[in-house]
Structure formats: C-alpha cells, structure tokens
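Me: I would like to learn how to read burial and ligand contacts from a model. Can we start with a single residue and then move to the ligand?

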Amino acid sequence: MPLKVLIVGAGICGPAMALLLRRTDPENSVTVVERYPGIRHNGLQIDLRSWGVPLMKRLGLMDVVREKVVHEAGFAFVDGKGKRHGVFGTSGTDSGAQSFTSEFEIMRGDLAQLLYEASLKDPQTGVMDPQPTPEQIDAEAENKPGVRYRFGITPKTLVQDDDGVDVTFSDGTERRYDLVIGADGQWSRTRRMLFGEEAGLAMLKRLNMYTAYYTIPQQPSDGEHALYYHAGAGRGAALRAAHPPRTQVYLVVRTASDEVRRGVERQSAAAQMDTFGKVFAGCGWQTERFLDGMRKATDFYADSIGQVKAPHVARGRVALLGDAGYCAAPITGMGTTVSLIGAWTLAGELARHKGDVKTALEAYDVNVRPYVDEAQKLPPGSPWMMTLQSSWGIRLLHFIASLVTFFKIDKILFAIVPENKGGLALPEYPEMGIPAAP
Ligand SMILES: Cc1cc2nc3c(=O)[nH]c(=O)nc-3n(C[C@H](O)[C@H](O)[C@H](O)COP(=O)(O)OP(=O)(O)OC[C@H]3O[C@@H](n4cnc5c(N)ncnc54)[C@H](O)[C@@H]3O)c2cc1C
C-alpha cells in the first residue's frame, strides 16, 4: 500500500530517504520540507565508510560519488613552524575501511546535491522531474506519487493518532500524513516535538567540543595532505587543500567554558565567528591567515559536537533519522554512513511490513540500533588527542606519530581493521526490490 510521507530536513539522509521510498514503491507520495531556502551546500569533506560504501553501490550512485571524490594524499601533524610529524596515508582498499583519510571523502554539498537530484529522478526513465513552484505544491499535489521539496518552511506542530499524523507548518498550511520522518539534524525539532522540548534537547550529549568549517583561498604551499596543528589549551586547526581552488579550514576547541558554548550553539554565523576569533587569536602556525579568511568566508558553518542518544528512534507514526535520532559526531567519521544506513533500514522495514507503519517503525527502532551503537563508538584517543592541553603532550604525540609512520605501524593497523564495523553487513531487505550491485 503506497504511503503519504513527510520528511523534515533536506540534508543528507532526508533526500536519501526520499530516494529509497520512491525506489521501493513509485506510488509513494513523499514531501520533503527544509527550513532553508534551498539545499545547503556548506560543510567540508565528509566520509563514506564501512556499510556506506556497499549501500551507495547498491543504489547505483557510486559512479557519481567517484566523480566527486576528493583525492587527499593523507594526513600529517604539524608544529608551529609547519614541520610535519608523522605522515599517514589513505586506506586504499576501495571498501570503506577506516584510516584517518577515508577512501571516499566527498564534499558535503556535493553529496547533498547528488542525493537530492537522485531523489527527483524517475526510477524507470532516470529523467529528473520538473520541480513545481511552491504554489503548485498544494494539498492535492501532495497526494500524488513522487517526490517534491518545499523549501523555507518547518513543521510547527505534530499530532498523531492511530491512522495518521496531522502537521501544521510555519507558512500556516496544514496536512495529514501516514508517516513523518524527522531528518532535521542534531538539534532536531522533530525529536523535541516527539519527546518534549527539554527531554529532546537533553538527548544531545555534548562533548564540550566546537568546530568551525569553511574555505579560504588556496596557496600552492598548502599541499595535498590534511595538516593538523595542535595549538594547546584544547585548540586545534587543520587545513585540507585537495579540493582546489579553495582550501578547507577546520577550527576545533574542547573546553568546558559556558561563554564558548553560548557563543557557538544555535548562534548566527557572525556571533560564532566572534567566538572562534577570540578563542584562536594569536595561537600560531597559520591561524592568523585562517581567522582573516573566516571573516570573508561565505560558506562558514559551525556547531557544537555531540552525540544524540535517544531511547527510541520511533514512536507510533513518527521516526527519527540520522543526526536527529543518533548523531554519531563528526569525530567518529561515521555520521553520514549511519544516517544512510538508517534510511536503508527504515525503507526496508516499511517495504517488509507493507502499510503497517507502526510495526515497521518498531522494527526499525530495534534493527538500526546495532549500527548506531557501532557508529557511536569514539575512535581510540578521541576526543582528547585532537585537542591536547599541554605543550609536552603535543611533543609526545608528535614523537609517537613519527615512530608509528616510520615503522609503518599505521599500515598494519589499517590492514587489520575490519571493513564492516562491528562485523555488521548491510541489512538485506529483498522486499525493497533493490538487487545486489553487480
Ligand atoms: C550546513 C551543514 C554543514 C555540515 N558540515 C559538516 C562537515 O563539514 N563535516 C561533518 O562531519 N559534518 C557536517 N555536517 C553534519 C553532517 O551533514 C551530518 O552529521 C551527517 O551527514 C548526517 O546528516 P543528516 O541528514 O542527519 O543531518 P544534516 O546534514 O545536519 O541535515 C539536517 C537538515 O535538516 C534541516 N533542518 C533542521 N531543522 C529543521 C527544521 N526544523 N525544519 C526543516 N528542516 C530542518 C537542516 O537545515 C539540514 O538541511 C553538516 C551539517 C550541516 C547542516
């Protein structure tokens, strides 16, 4: 039985979910609402790892991903004079296995755009649907099969009963759906509406870390390796230059300071820039260049780093997907992958339990959990290793990194790390009708 579905959030897993709902039943009617006026292209390199690689192959999107992959040579620590300490390579396995630089690094904006476009393609013809104007997406249009996006709006209220969910939107419109999926990021309003404002917010477990992501004009000396500088006092700055003509900049700080938290969380970009400007003032290496570039950047994005630990990711006819339900935190490198696995699992359960939305959501809640648990494991040494406090700690890390790479211990470690995290494989749902990739 085809479903009428609302997806909140057109980031990464929102469009992926729309695509899967369309592939599994072309009669499904899917509306995606996004509070921004269009697809957001900010964000820097994100990783497709582990189960994310077979999933994208399965969806036939790997060729498009490969065209967009950022070919980074590896990763090195640098000191204040720019001297490298330990140079780590990529895993080079074509499988999604772990290393500092994943084999499938892609700019977040490129991934968001390609998933958005794929969701709008007719599964039979591969031709993209013309997108209707906002006025054309009236209540009647939302009953029709296919995928459509409504930008610049957000749900205000959700009221569910046994048969559906009534939603009122910020533009005053009201609609009823069989199912609502919150794919609206780590601060998810859907989660807060589902569990209550305070409880929903408290599910975001902060790591007292804050990151700014943006790009600056490239210089030839930036090279092809990601370079990471420990500035002490919990601060780190990195550049990644493998995606010309811009160099990507990351500023990271780990601090219990309330002032920093208040200056970053849910603030305007200008207020966040002020906060990072203060925290990184005069801290060496290329940080003056980075701060100067930050003020001119048009793609600046910053947020606090945390993990979402929700007791359940579905209630009745409302489900949470990706960061909204189980943000893994960028430091795991698994956030994008687990959000895609979530979409695959939810679409699989909906296909399996045809029309029985509540049973499908209960099964999703249980079956996505092992992937979430695995993805949320923090890598050894994190988060403190990237945000060391003292100069002797930094020197010790540089010494160990140099030894590890000199004796090629990193290569041995990459070789023995399992490709599918936790021994888990992509879950199989023959009911979806999406065959294994050749
Ligand atoms: C602009 C941006 C840049 C990012 N950059 C990086 C990065 O450089 N590195 C990294 O590791 N991770 C980054 N992330 C996070 C990363 O995209 C996710 O951790 C991961 O890919 C899972 O994606 P998601 O779809 O669950 O959430 P997200 O990618 O966060 O997408 C959520 C979407 O929901 C929308 N939204 C939020 N609230 C509402 C609402 N109330 N109504 C409607 N829509 C709403 C947001 O605007 C966004 O488009 C970024 C996220 C965003 C939004």
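Reply: This is a predicted model. Take Thr-211: its relative accessible area is 4%. Buried means under 20%, so Thr-211 counts as buried.

Me: Where is Thr-211 found, and which residues does Thr-211 touch?

Reply: Thr-211 is found in strand S12, residues 204–217. Leaving out residues up to four places away in sequence, Thr-211 touches Leu-251, Val-252, Phe-276, Tyr-301, Ala-302, Asp-303 and Ile-305.

Me: Now the ligand. How many residues surround the ligand, and which are the closest?

Reply: The ligand is surrounded by 30 residues, and the closest are Glu-34, Arg-40, Leu-44, Arg-108 and Asp-323.

Me: Which atom of Glu-34, of Arg-40 and of Leu-44 should I look at?

Reply: A polar contact is a pair of N or O atoms within 3.5 Å. For Glu-34, a polar side-chain atom lies 2.7 Å from an oxygen atom of the ligand. For Arg-40, a polar side-chain atom is 2.9 Å from a ligand oxygen atom. With Leu-44, look at the backbone: an N or O atom there lies 2.7 Å from an oxygen atom of the ligand.

Me: How much of the ligand's accessible area does the protein cover?

Reply: On its own the ligand has 930 Å² of accessible area, and the protein covers 92% of that.

Me: Which elements give two or more residues to the shell around the ligand?

Reply: Strand S2 (29–34) and helix H11 (335–352) do. The largest share, three residues, comes from H11.

Me: How do the shell residues divide into nonpolar, polar and charged?

Reply: The shell has 13 nonpolar, ten polar and seven charged residues.

Definitions and conventions:
Residues numbered from 1 in each chain as written. Predicted model: local features only at pLDDT ≥ 70, side-chain atom pairs only at ≥ 80, totals over all residues. Heavy atoms only, no water. Near = heavy atom within 4 Å. Polar contact = N/O pair within 3.5 Å; in protein donor to acceptor, adjacent residues only side chain to side chain. Areas by Shrake-Rupley, 256 points an atom, 1.4 Å probe, with all protein chains shown as cover. Helix = DSSP H or I, 4+ residues; strand = E, 2+ residues; numbered from the N terminus. Nonpolar A, V, L, I, M, F, W, Y, C, P; charged D, E, K, R; others polar. Buried < 20%, exposed > 50% of the residue type's maximum accessible area, 1.4 Å probe, protein only. Contact = heavy atoms within 4.5 Å.
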